[in-house]
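Hi everyone, thanks for making time today. Have a look at this one with me, and we'll go from the packing out to the strands.

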Amino acid sequence: MDWDQFDLNPKVIAALKKAEIKSIKEILNLSGADLQRLMKLSSADIQCLLKTVSHTLRRNSMLTALQLYQDKDHLTSQHQKLSLGCSVLDNLLKGGIPLVGITELAGESSAGKTQISLQLCLCVQYPYKYGGLESGAVYICTEDVFPSKRLQQLIDQQQKLRADVPAEIIQKIKFGNSIFVEHAADLDTFHNCITKRILLLLTRGMVRLVVIDSIAALFRCEFGVSDSVMKARYLQTFGAQLHSLSTRFRTPIMCINQVTNAVSESEAAQCSCSVVGSRVSPALGITWANQLLMRLMVSRISQPEQSPGAASHHTGSVRTLRVVFAPHLPPSSCYYTVKLEGVKGIK
């Protein structure tokens, strides 16, 4: 640490160097009395030192109400959402996926989690006027091979899915060129991916959406029952890193999660996650749930339980998208189907 760059009395700077204090962390980890004894300075000098280093840490992180009001771009992005490419789904989410924060999409196998995520990777490339962010997406696969054939099907059918967008605009977008695929089968590779490779893509403005498919796969084999504390620390660390990327670059983070059987009625009720015919809850527990801005759950509906009005024309293929929790949305749900052209809500 170059203490000469700080606005400090030269006497204090000399005392820091003599005491071999090399970082702000060392200063803040010591009490005022310890600093006085170590640096042989007065109480007033120590208070000035603490005030200066504290101000350095919080610089640019605090905004006044006037600054927020004057920052029009910041206010716009706060209310802006990433469209899911379907008016029914967008209406459920009051516009789409928030730009800042981690959104979880949980559900059983074949419920449509990957289909929704692939559709988002295409939606993000549309102009702002049509619910996009005019940028690309990065898709991190942690267990299965990236579904490139299905992606190509969706690209070929975009004009059918997005009837609200003029054909000439769709034809100009090179969808396949702006989706970056990463594979991370273990925690170390995933950490390197989000701290270096994805950071580079975000810094260059090449992507504005990060999809992780799935977050639970990274922890399934790495930790046993006795490693719960270490597992929680990793979850908190990754959650903080993803939040930092999302906030810094105004980029939505979509994490696909798997589900586990809820052991008891109280567990299912606590998670609000009972699904048709069974009690399931998203994997990774409450530590991961506390990292989320919004939790969505998807499920397939078996034939006898389909709503006659909503599902009569979609026999055997109806699914439910449900808002479990979000700061801006009430618990609610809607029906949808997965077709050749993509995910479409049922009115």
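Leucine 93 touches Lys81, Leu84, Met294, Leu296, Val323, His328 and Leu329, leaving aside neighbours within four places in sequence; contact here means heavy atoms within 4.5 Å. Before going on: this is a predicted model, where local features need pLDDT of at least 70, side-chain atom pairs count only at pLDDT 80 or more, and totals for chains, interfaces and linings use all residues. Residues are numbered from 1 along each chain as its sequence is written, and side-chain values use heavy atoms, with hydrogens and water left out.

Leu93, with Ile97 and Leu321, has the most contacts inside the largest nonpolar core, which has 46 residues. By such a core I mean buried Ala, Val, Leu, Ile, Met, Phe, Trp, Tyr and Cys residues joined through side-chain atoms within 4.5 Å, and buried is under 20% relative accessible area, with a 1.4 Å probe and protein chains only. A second, separate core has 29 residues, among them Ala184 and Leu235.

Now, strands: these are DSSP runs of E, at least two residues, numbered from the N terminus, and two of them pair if DSSP finds at least two bridges between them. Nine form an open sheet with mixed pairing, in the order 5-4-6-7-3-11-12-13-14. Its edges are strand 5 (179–183) and strand 14 (342–346).

And strand 3, residues 102–107? Six of its six residues are buried, so this strand is largely enclosed by the rest of the structure. Strand 3 runs parallel to strand 7, joined by five bridges, and Leucine 105 stands opposite isoleucine 256 there. Strand 3 also runs parallel to strand 11, again with five bridges, and there glutamate 104 faces arginine 295.

Note on methods:
Helix = DSSP H or I, 4+ residues; strand = E, 2+ residues; numbered from the N terminus. Buried < 20%, exposed > 50% of the residue type's maximum accessible area, 1.4 Å probe, protein only.
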